[in-house]
Amino acid sequence: MYPVTLNLSGRRCLVVGGGAVALRKVEGLLFEGAKVTVVSLRPIPPIMDLSSRAVIGLESRGYWPGEASGYSLVYAATDDRKANRKVFEDAKASGVWVNVADDPQLCTFHLPARLLRGTLQLAVSTAGEAPFAARRLRELFERRFGPEWGEWVKAAARFRKTVRGVRRSEEEEARLFDRFFRSTVDAKRLTARVPAAAEEVAWLSGTGRKKKPGLVSLVGAGPGDAGLLTLRGRQRLLQADAVVFDRLSEAAMPGDLPRRVELYSVGKQAGLHPVPQEEINALLLRLAREGKRVVRLKGGDPYVFGRGGEEVLALLEANLPFEVVPGVTAAIAVPAYAGIPVTHRGEAVQVTLVTAHESEKQSGPQVRWDLLAQDRHQTLVGYMGVAALPEVVKKLLAAGMDPDTPAAMVERGATPGQRTVRSTLSNLTADAQRADLRPPSIFIIGPGVRHAENLNWFTTRPLFGERVLIAAPAGEFGEALEKNGAVTVEVPLPLTPAAQVLIGAHPLTGCILRSADEASIVFEESRTPGFGPEVIAWCLGKETAHRARKLGFLRVKEIESPAGAADLIARLKQHRRARNTYTKPSMRSMRQ
Ligand code: SAH
């Protein structure tokens, strides 16, 4: 079979048949700009609709002998084998390309399953013999080839034009194309990035030095669920030369971040400030001046109690380019994960985001708690409020807020460690202290909190609380784990520095070992922070479990071979149920 891509724009194409299969063919042809005629005795309504909108020509009749010859390409998809064969024979006789649905013998061309990323096209063909296999392979590629490939191919086309714009030797051209490819494609992970203009200039001038300052992207990482990182944020991370990150953003660190990316941890552990703000600013300036593309990754949103403003002001002053990629802030994400709508028709019509930890140096209080106390139809979301909670509650009550106002405190929201205390304004302090809630926590005060019990969807998932390491590609296991509420930490082996950061973001509860070899490599890497002795090694097959025990994994659980994702999930659920039954009742009510 000889693969080609056809330009069908403006070409006359014929589809004989008017059912669902024919409709799919019509849609594919229209997508390519073909002029489509459908011949069918009983066209289904969507085809009639296309015709009534003059998008296609429709002839409500049987196929006329010989008519295939007037077209460039013909499909037959009727349920009448004889008619299909007639179309095939006509087309073949007049040299027209023809395909009869589901009948490889009656085809002079086949349609591959395909993946589109801009003008980049990956086609998978089985010469019509196993379309299901081609489709599934396509789906696999779909997951591996991110949307960034569309931008990449655009950049490649642009680069080619620039290179061709000047007379060069063939070798010189090839060298430049190699350079482009090597610098923008991670061949192992199948990820791609768009090079900066400065980089391209450097390649073309042959110096290899970047002279222009790099761009600093302030990226919001979301509240702790890696899935809440924006597409733009992920794109910038994968393009970055350096990433400067906080403690609260670690869970969003892509496990597949290339090894060459420099990582700088400027994390603030509660109460400690290991890297002062001035030093962070200075680091950003230095990296940008070196011409690097820098991502400043911050928990939640960079501008919501994240000191993002101070950082961009420093960049502005130094005349360095920056951009801001917003993130999902804790006040939006955490209530949602705790079952609390922050606005609710007729109940809460206003949301206030407030810090309970005001800058001490300011003269007098900045937050007017007395005014905030007046509003009954508001949701008050307080950041950095663990230590200050008693004071805040006192001020609100003193200003006349109803002591029975529903109130909650959520610790480590949107993570496997999420804990919620639901209470009332007057009891919140005592209840939160009894549960020993610690930072990072937010408090939520307002009528919406009342819904938390009914609307809780996150911690009720069967595998909530599990944070499981699995070597990339996680495949069906990753999907099944996520679907049941477990967090999968998908990492390359051997671990990259970024993968180590990701692992350390929260404690792991388990790791999936699919083979004895995998057990060995994972064990080799298991001294990384977050990989404690409590981590359960879920081993597929006897041999894997045997190796895991021999290596020194302390908690080994064997899942009989041949085991699929369903067996693993069933075992994990069983384990989780047993665990929850044995926690003390008071703790159980906390883990809601
Ligand atoms: N820029 C961040 C906030 C940083 S200030 C954002 O937009 O979310 C740090 C405070 O954010 C914490 O003290 C806590 O109050 C809140 N916070 C951040 N992530 C949280 C989480 N996952 N669960 C609960 N509170 C969180």
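**Cavity, sheets and helices**

Modeller: The largest cavity has a volume of about 30 Å³. The model is predicted: local features need pLDDT of at least 70, side-chain atom pairs count only at pLDDT 80 or more, and totals for chains, interfaces and linings use all residues. Residues are numbered from 1 along each chain as its sequence is written, and side-chain values use heavy atoms, leaving out hydrogens and water.

Colleague: What makes a set of grid points a cavity?

Modeller: A 1.4 Å probe fits there, on a 1 Å grid over the protein atoms alone, but cannot get out. Points join across faces, edges and corners, and the volume is the space filled by probe spheres set on them. Searching the whole structure gives one cavity of 30 Å³ or more.

Colleague: Which residues line the largest cavity?

Modeller: Leu469, Val491, Leu493, Leu495, Val522, Glu525 and Phe531. A lining residue has an atom within 4 Å of a point.

Colleague: How many helices and strands does the protein have?

Modeller: There are 21 helices and 24 strands. Each is a DSSP run, numbered from the N terminus: H or I over at least four residues for a helix, E over at least two for a strand.

Colleague: Why is Gln239 called buried?

Modeller: Buried means under 20% relative accessible area with a 1.4 Å probe, protein chains only. Gln239 has 13%, so Gln239 counts as buried. Gln239 belongs to helix α8 (residues 231-239). Leaving aside residues up to four places away in sequence, Gln239 touches Arg193, Val194 and Arg293; contact means heavy atoms within 4.5 Å. Across the protein, 48% of the 592 residues are buried.

Colleague: How do you know that helix α5 has the span expected of it?

Modeller: The expected span is 1.5 Å times one less than the number of residues. For the 17 residues of α5 (residues 148-164) that gives 24 Å, and the end C-alpha atoms lie 24 Å apart, so the two agree. The buried residues of α5 include Trp149, Trp152 and Phe159. Among the elements that the buried residues of α5 pack against are β6 (113-117), α6 (170-184) and α7 (197-205).

Colleague: How do you know that β10 and β13 are paired?

Modeller: Pairing takes at least two DSSP bridges between two strands. Strands β10 (residues 216-220) and β13 (residues 294-298) have five, in the parallel sense. They therefore meet the criterion. One bridge sets Ser217 against Val295 of β13.

Colleague: What order do the strands of that open sheet follow?

Modeller: The five strands run β12-β11-β13-β10-β14, with parallel pairing. Strands β12 (262-265) and β14 (322-325) are at the edges; each has a single partner strand, so one side of each lacks a neighbour in the sheet. From one strand to the next, the twist averages 20 degrees.

Colleague: What makes the pairing in the β15-β16-β19-β17-β18 sheet worth naming, and which strands are its edges?

Modeller: This open sheet of five strands has mixed pairing. Its edge strands, β15 (350-355) and β18 (419-424), each pair on one side only. Here the twist averages 15 degrees between successive strands. Strands β15 and β16 (residues 378-383) run parallel and share six bridges. Gln350 faces Gln378 in β16.

Colleague: At what angle does helix α11 run to β19?

Modeller: About 75 degrees. Axes are lines fitted to C-alpha atoms, for helices over the stretch in contact, and angles between N-to-C directions run from 0 to 180 degrees. Helix α11 (residues 330-337) lies across β15, β16, β17 (406-411) and β19 (441-445).

Key
Buried < 20%, exposed > 50% of the residue type's maximum accessible area, 1.4 Å probe, protein only. 1 Å grid on protein atoms, 1.4 Å probe; cavity = no way out; pocket = protein on both sides within 12 Å on 5 of 7 lines; lining within 4 Å.
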